[in-house]
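Reader: I'm new to reading protein models, and I'd like to go through one slowly. Could you show it to me first?

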Amino acid sequence: MSDLATMKCEACQADAPKVSDAELAELIRMIPDWAVEVRDGIMQLERVYKFKNFKLAMEFTNKLADLAEAEFHHPGILTEWGKVTVTWWSHSIKGLHRNDFIMAAKTDQLLG
Ligand SMILES: C[C@H](O)[C@H](O)[C@H]1CNC2=NC(N)=NC(=O)C2=N1
């Protein structure tokens, strides 16, 4: 697992820099199961996790909620029967910050 998962998020400041194209290219390689999406002009990281049923999907969702609260950085989450779609971006800068890559790597570690 990339050492991204061992890093801590920094506070979300409105004037924080978005990742540069070069940083994006480097960071996305560290989280190969994640895709870059652009929605309403906002760049986001997204991954779909598959589960055997809704109960397991919900358990994962609750672990993710605890992680988000611990880091005070929160994802978009769509929880359905057998799958959870997780989307990370930084609302304060309307785009991708290093925090989002850290949180994506930490999300992967929840699978245990
Ligand atoms: C007030 C503001 O919502 C908070 O500072 C935090 C909460 N969680 C957050 N989560 C995400 N993804 N982006 C933010 O900018 C953010 N800001």
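Author: Here are some questions and answers about this model. Residues are numbered from 1 along each chain as its sequence is written. The model is predicted: local features need pLDDT of at least 70, side-chain atom pairs count only at pLDDT 80 or more, and totals for chains, interfaces and linings use all residues.

Reader: Okay, what pattern do the helices and strands of the protein chain follow along the sequence?

Author: Let's say what counts: helices (H or I, at least four residues) and strands (E, at least two) are DSSP runs, numbered from the N terminus. The protein chain has three helices and four strands. Read along the sequence, they give the pattern α-β-β-α-β-β-α.

Reader: What is the radius of gyration of the protein chain?

Author: The radius is taken over C-alpha atoms, and the globule rule to check it against is 2.2 Å times the number of residues to the power 0.38. For 112 residues the rule gives 13 Å, and the chain's own value is close to that, so the chain is as compact as a globular protein of that length. Along its principal axes, the C-alpha trace spans about 40 × 25 × 25 Å. The radius of gyration asked for is 13 Å.

Reader: Which elements do the buried residues of α3 pack against?

Author: First, the cut-offs: a residue is buried if 20 or more other C-beta atoms lie within 10 Å of its own, exposed if 12 or fewer, and partly exposed in between, with C-beta atoms placed from the backbone. By that count α3 is mostly covered, with nine of its twelve residues buried. For packing we use contacts, meaning that the C-beta atoms of two residues, placed from the backbone, lie within 7 Å. The partners are α1 (21-30), β2 (42-50), α2 (54-71) and β4 (83-88).

Reader: How far does α3 reach from its first C-alpha to its last?

Author: The expected span of a helix is 1.5 Å times one less than its number of residues. With twelve residues, α3 has an expected span of 16 Å, and its actual reach is close to that, at 17 Å.

Reader: Is I102 buried or exposed?

Author: I102 is found in helix α3 (residues 98-109). Not counting residues up to four places away in sequence, I102 touches L4, M7 and C9. Because 25 other C-beta atoms lie within 10 Å of I102, the verdict is buried.

Reader: Which element gives the most residues to the largest nonpolar core?

Author: A nonpolar core here is a set of buried Ala, Val, Leu, Ile, Met, Phe, Trp, Tyr and Cys residues joined through C-beta atoms within 7 Å. The largest one has 19 residues, and L45, W88, F101 and A104 have the most contacts inside it. Two or more residues come from each of β2, α2, β4 and α3. The top giver, with five residues, is α3.

Reader: Why would nonpolar residues gather like that?

Author: There's a general tendency behind this sort of thing. In soluble globular proteins, nonpolar side chains tend to be buried together.

Reader: How many residues around the ligand are polar?

Author: The shell consists of C12, F72, H73, H74, S90, H91 and S92, where a residue is near if its C-beta atom, placed from the backbone, lies within 6 Å of the molecule. Ala, Val, Leu, Ile, Met, Phe, Trp, Tyr, Cys and Pro count as nonpolar, Asp, Glu, Lys and Arg as charged, and the others, Gly among them, as polar. Two shell residues are nonpolar and none is charged, and the number of polar ones is five.

Reader: What distance separates the C-alpha atoms of A16 and H97?

Author: A16 lies in the segment before α1. Leaving aside neighbours within four places in sequence, A16 is in contact with S92, I93 and H97. A16 and H97 are 81 residues apart along the chain, yet their C-alpha atoms are separated by 7.8 Å.

Reader: Is D40 buried or exposed?

Author: D40 lies in the loop between β1 (35-39) and β2. Its phi is positive, about 50 degrees, although D40 is not a glycine. Because D40 has 6 C-beta neighbours inside 10 Å, it counts as exposed.

Reader: And where does K94 lie?

Author: K94 also has a positive phi, near 50 degrees, and is a residue other than glycine. With 13 other C-beta atoms within 10 Å, K94 is partly exposed. Its place is the loop between β4 and α3.
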